[in-house]
Amino acid sequence: MATTMITTLDRSSRAAARGLSDISIRNLFIIPTVLFLIVFNIFPLIYSLGYSFTDFRASTNASANFVGLQNYRDLLNDPYVWSNFAITAKYVIISVAGQLLVGFGVAMLLNRDIPLKGLLTTLLLLPMMLSMAVVGLFWKLLYDPSFGIINYALGLGTFEWLSDPKMALYAVALTDIWMWSPFVMLLSLAGLSAVPKHLYEAAAIDRAGPFYTFFRITLPLVAPILMIAVIFRTMEAFKTFDLAYILTTQPTAELISIRLYKMAFQEWQTGRSCALAYIVLIMVLAITNIYVKYLNKVKER
Amino acid sequence: MRKLVTSVLAGIGLTLACGTSVYAQEKSLTIFWAEWDPANYLQELGNEYEKETGVKITVETTPWPDFQTKAFTEFNAHGDAYDMVVGDSQWLGAGSTGGHYVDLTDFFNKHKVGDVMAPATVKYYAEYPGGSSKYWAIPLEGDAVGWSYRKDWFEDPKEKEAFKAKYGYDLDVPKDFKALRDIAEFFYRPDQKKYGIAIYTDNSYDAMAMGFENALFSYGGELGDYSTYKVDGFINSDKAVAALDAYKELYKFTPPGWAKAFFVEDNQAITENLAAMSMNYFAFFPSLINEASNPNAKNTGFFANPPGPNGDQFAALGGQGISIVSYSQKQDESIKFLEWFIKDETQKKWAALGGYTCSAAVLKSPEFQNATPYNKAFYETMFKVKDFWAVPEYAELLQQLNQRVYPYMIGGQGTAKETLDALAADWNATFKKYGRGQ
């Protein structure tokens with residue numbers, strides 16, 4: 001019954017009185033969105049695929065020449081691009097793992113009856129509501145070796161978080177963890193509160209220890225929703241640009257999106273940057289697909 | 001329904017009518033530049049022009065890091081948002097061959113601009129390709145890299161005595177790069193939160209290149225041969241290697257966290273009592289003699305980039321020329337503005353407002369040279385400047401320099417020779433890709 005209510009139009013409605021069928025109503029709502037997607041997403045996507053096989057430069061009047069796979073060949077042979085990918089992979093692993101640990105940990109702590117739980121949760125969510133650029137600017141001040149509050153609080157003297165080639169990437173990841181752990185926490189909380197209470201009661205009756213309860217009941221039941229958090233965060237971390245761009249210029253923290261930006265809008269190598277964008281797109285798609293496969297497997301259990 | 005259509009049409013009609021009437025009443029020109037003090041001075045100069053002619057001048061600005069990106073995005077879209085642009089000297093190649101700039105060669109010859117402006121400014125801000133006698137801009141803001149220093153630290157008798165005892169000569173404004181290094185080392189005292197020197201290290205645009213060029217040119221090195229695009233034996237010559245080592249040596253004596261420093265940080269080094277000496281463009285010196293922006297204004301002195309070991313003395317060129325954007329609808333009005341701008345009295349006003357005029361007559365006048373503590377150093381520097389490549393692919397060349405030099409300078413990877421050999425190979429490949437020289 002419920003489904004028919006949604007798909008067919010109420011005969012007494014104003015739309016039906018004007019002679020609109022449910023199909024035309026559906027089209028009315030969907031076609032503008034589809035058109036919008038085609039004009040602003042699909043068309044540029046295909047257009048840039050075309051450019052990726054040329055030596056086109058947007059900054060000159062010279063016409064674009066077809067160069068076949070030359071751009072892809074050059075990029076995949078460029079040690080700098082590979083190092084950018086390696087840096088990005090390292091960054092994704094550190095920041096997503098960190099967010100998962102912190103986010104899930106805080107969610108476990110909050111998943112009980114404590115006073116002011118609602119207020120506490122809301123306050124913890126604040127970091128992810130800020131703009132990335134603002135977070136970057138604030139953390140740049142916090143990390144400052146001369147007057148930053150982090151060195152002052154930890155008694156690190158003039159430790160150079162962002163100027164130290166070895167530390168810079170971790171510093172950016174730390175900021176990302178601070179900002180996005182609340183997101184993982186929020187999803188985990190939803191997952192945790194959905195675990196049926198009677199399972200815990202049964203475990204208690206069977207005298208199961210806290211570790212056993214956690215690994216055999218809590219984790220498997222929250223896993224699917226955690227996987228969703230991981231997918232979202234991996235995709236986002238892979239694309240990180242503003243945060244890292246504002247915080248540091250260390251080559252050891254140059255993520256692939258920063259390389260892409262420089263290639264496209266500072267050097268104006270339009271054709272080559274299109275090719276790089278496609279390589280990144282394919283990678284993100286592949287990684288996401290692996291996750292989705294795994295997610296489906298987890299859900300089946 | 002008919003009512004709706006009528007009202008919509010009336011609305012559109014009204015908007016159009018208002019739009020055109022405003023357009024007809026006010027003539028206006030928009031000039032695009034980066035967000036800094038000279039742009040404010042140019043706006044004041046523009047206000048004078050409006051008083052005289054009724055044509056409104058608007059100087060639109062954007063922060064330096066976005067300047068190049070925003071300007072070229074507009075050019076590439078063939079947009080007419082800006083009638084004129086005060087573009088960096090490196091843009092000449094891209095601006096002229098890309099068809100973004102109007103050819104000003106006739107204007108140049110008609111008004112003899114080559115005689116009005118100082119020769120170096122014409123060569124680097126206006127002409128492309130080098131030696132072609134084709135001109136694309138009018139030199140507007142002359143600029144080069146110079147140094148500021150703390151006079152009170154330098155003149156302290158105790159410091160003078162200690163310096164003489166340690167290095168065997170008097171502490172004074174550095175006579176050469178060796179003295180620059182010694183003084184930097186002498187004042188480097190992390191325990192007192194005092195440091196020796198502030199230099200450019202930012203690798204996002206041209207900061208690193210400009211800083212390194214100061215050492216390179218004074219050591220007698222070159223980036224390459226600008227006419228044949230040969231770089232082997234130039235950028236990786238022994239002189240260039242020594243220059244890079246000298247520049248890296250200075251980095252040891254910088255304040256902590258000095259790995260992304262450009263003009264803002266380098267002026268802060270003086271205002272925040274961090275460093276004894278600081279490299280910066282002359283264009284940023286006005287705020288250093290202003291008590292409101294520099295508490296040490298009275299104790300700040302200035303000197304030109306010192307010579308290298310063989311006595312060569314050069315400095316890296318900054319500064320910009322003003323070009324007419326070829327997509328502008330108001331090119332004739334823009335020409336009129338430029339005709340007014342190159343007049344002697346306008347150039348005098350420009351200098352008085354704080355702009356760094358390129359007019360040879362004004363530069364040579366004693367009133368200009370005595371107007372500020374740094375004008376004399378500026379006048380001297382403007383006759384011994386050299387610049388980066390101005391080819392359309394300059395941004396790729398800059399990126400390659402950043403990619404090679406930064407890990408060596410800041411991260412200590414490899415040696416200077418390896419770094420510059422690799423850079424020469426990168427540049428060769430880039431020039432080959434665009435079919436230049438060789």
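**Notebook: domains, sheet and chain contacts**

I began with the domain boundary in chain B of this predicted model: 23 residues of domain 1 of chain B are in contact with 23 residues of domain 2 of chain B. I then asked which elements supply the domain 1 side of this boundary. I found that α2, α3 (64–76), α18 (375–381) and β11 (385–386) of chain B each give at least two residues to the side that touches domain 2. The largest share, 4 residues, comes from α18(B). Sorted by class, I recorded 9 nonpolar, 8 polar and 6 charged residues on this side of domain 1 of chain B.

I noted the bounds of the two domains next. In chain B, domain 1 covers 26–143 + 318–386, and domain 2 covers 145–316 + 393–433. Their C-alpha centres lie 27 Å apart.

**Sheet of chain B**

I looked up the strand order of a sheet in chain B. The sheet is open, has 5 strands in the order β2-β1-β3-β10-β4, and is mixed in its pairing. I identified its edge strands as β2 (56–62) and β4 (138–141) of chain B, each of which pairs on one side only. Neighbouring strands of this sheet are turned against each other by 30° on average, direction ignored.

I examined one pair in detail. Strand β1 (residues 28–34) and strand β3 (residues 84–88) of chain B pair in the parallel sense over 2 bridges. I located B:Ile31 opposite B:Met84 in β3(B).

I also traced helix α2 (residues 37–53) of chain B, which lies across β1, β2 and β4 of chain B. Helix α2 runs at about 170° to β2(B).

**Two helices of chain B**

At what angle do α11 and α19 of chain B cross? I read a crossing of roughly 70° between the axes of helix α11 (residues 207–218) and helix α19 (residues 394–409) of chain B, which come within 9 Å. I therefore entered α11(B) as roughly perpendicular to α19(B). From α11(B), the contact uses B:Met208, B:Ala209 and B:Phe212. From α19(B), I listed B:Leu398, B:Leu401, B:Asn402, B:Val405 and B:Tyr406. The contact residues of α11(B) and α19(B) divide into 7 nonpolar, 1 polar and no charged.

**Chain A against chain B**

I turned last to the two chains. I found 21 residues of chain A in contact with 25 residues of chain B. Helix α13 (residues 256–266) of chain A gives the most to the chain A side, with 3 residues. I entered the classes of that side as 7 nonpolar, 10 polar and 4 charged residues.

Methods
Residues are numbered from 1 along each chain as its sequence is written. Chains are lettered from A and ligands numbered from 1 in the order in which they are written. This is a predicted model: local features need pLDDT of at least 70, side-chain atom pairs count only at pLDDT 80 or more; totals for chains, interfaces and linings use all residues. Axes are lines fitted to C-alpha atoms, for helices over the stretch in contact, and angles run from 0 to 180 degrees between N-to-C directions. Angles under 35 degrees count as roughly parallel, over 145 as roughly antiparallel, 65 to 115 as roughly perpendicular and the rest as oblique. Two residues are in contact if their C-beta atoms, placed from the backbone, lie within 7 Å. Ala, Val, Leu, Ile, Met, Phe, Trp, Tyr, Cys and Pro count as nonpolar, Asp, Glu, Lys and Arg as charged, and the others, Gly among them, as polar. Two strands pair if DSSP finds at least two bridges between them. Domain bounds come from an automatic or database domain assignment.
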